Amino acid sequence: MPSAYQGHGPTDDVAVIGAGMVGLSTAWFLQEIDAGVTVYERDHVGAGASWGNAGWLTPALTAPLPEPSVLRYGLRAVLSPRAPVYPPPRADSDLARFLAGYVRRCAGRQWRRGMATYVPVNARALDAFDALAAGNVTARTQPTGAFLACFGRERDARRLVAELGQLAVAGQQLDYVPISGRRARAMERALTDRVAAAVEIRGQRFRHPPEFVRSLAEAVRSRGCRSDRPPPEGARALRCRWARRRAQWRRPSPRWRVRHPAIA
Ligand SMILES: Cc1cc2nc3c(=O)[nH]c(=O)nc-3n(C[C@H](O)[C@H](O)[C@H](O)COP(=O)(O)OP(=O)(O)OC[C@H]3O[C@@H](n4cnc5c(N)ncnc54)[C@H](O)[C@@H]3O)c2cc1C
């Protein structure tokens with residue numbers, strides 16, 4: 001596993017594992033406080049989901065995925081081969097354990113506890129992108145104007161409005177308004193008359209994912225990369241796994257001196 005970047009400072013305080021959006025921005029903000037950071041990537045920068053995602057920056061919609069209504073309609077959708085996310089049925093104990101744990105967490109109390117953590121983070125999310133832009137990250141985020149969630153049936157739009165209401169009660173910063181299909185079509189000409197209702201969500205942004213990851217990688221590299229330095233002993237053999245409800249990692253060699261690993 002090659003070292004993507006070497007941090008500055010006499011020792012590497014933090015090893016960030018994974019050069020996706022999360023790992024690279026973790027590294028960038030650690031560099032802001034002068035931590036010595038090394039990013040370890042087993043493949044190449046942006047090899048994971050960050051490179052090809054849809055580019056939405058929508059903290060208003062960011063909430064724990066497990067929630068009570070998922071049990072009503074979400075699992076039915078997941079079990080349909082026509083659903084966007086469809087795990088093919090197979091005897092897989094890991095998948096069974098994951099699904100059982102997911103169902104257990106679809107409780108109102110768990111969701112509210114999750115939201116208590118999300119709300120203050122979501123409130124600062126877009127500011128974090130402004131901090132990157134005010135630093136040395138050249139890629140920019142764009143305001144969406146109106147972000148439209150469109151539905152073929154009015155009752156599905158009402159369901160989203162009810163969910164957004166729950167988010168607002170939990171303290172999420174939200175600016176949204178239900179609109180008719182006709183109004184949505186007037187706002188977005190690509191929509192057909194199959195859109196019966198929509199919800200307009202304001203104040204969100206988007207970004208070009210590959211451009212952003214590339215630019216963030218360059219920014220992290222330019223603030224301390226010494227690419228002529230070989231990777232620390234044994235770094236290529238770093239192993240991470242998920243066990244006992246937390247990420248575990250094994251030091252690849254006693255000579256690998258990193259005080260804090262951050263698995264991204
Ligand atoms: C189709 C799709 C659309 C999405 N759309 C959006 C969206 O619009 N808005 C949004 O906010 N989110 C979206 N997401 C989610 C978002 O893409 C992810 O949450 C985000 O990219 C996760 O970033 P990451 O850095 O944690 O992971 P990744 O980008 O997956 O990066 C992980 C990196 O770690 C490396 N790695 C893995 N294991 C090791 C190891 N043992 N040692 C070293 N390196 C390792 C991988 O090679 C990879 O480069 C979408 C996801 C998908 C799949």
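**Sheet, Thr58 and ligand shell**

Strands S5 and S9 (residues 205-206) run antiparallel and are joined by two bridges. Strands are DSSP runs (E, at least two residues), as helices are (H or I, at least four), and both are numbered from the N terminus; two strands pair if DSSP finds at least two bridges between them. The model is predicted: local features need pLDDT of at least 70, side-chain atom pairs count only at pLDDT 80 or more, and totals for chains, interfaces and linings use all residues. Residues are numbered from 1 along each chain as its sequence is written.

Gln142 has Phe206 in S9 as its bridge partner. The open sheet consists of three strands in the order S4-S9-S5, with antiparallel pairing. S4 and S5 (142-143) are the edge strands, each pairing on one side only.

Thr58 lies in the loop between strand S4 (56-57) and helix H3 (68-78). Its C-alpha atom is 6.5 Å from that of Arg205, 147 residues apart along the chain. Beyond neighbours within four places in sequence, Thr58 is in contact (C-beta atoms, placed from the backbone, within 7 Å) with Phe147 and Gln204. Thr58 is partly exposed because 17 other C-beta atoms lie within 10 Å; 20 or more would make a residue buried, and 12 or fewer exposed, with C-beta atoms placed from the backbone.

The ligand is surrounded by 23 residues (C-beta atom, placed from the backbone, within 6 Å), of which Gly18, Gly20, Gly48, Ser50 and Asn53 come nearest. Helices H1 (21-32) and H2 (49-52) are the elements that give two or more residues to this shell. H1 contributes the largest share, three residues.

Notes
Two residues are in contact if their C-beta atoms, placed from the backbone, lie within 7 Å.
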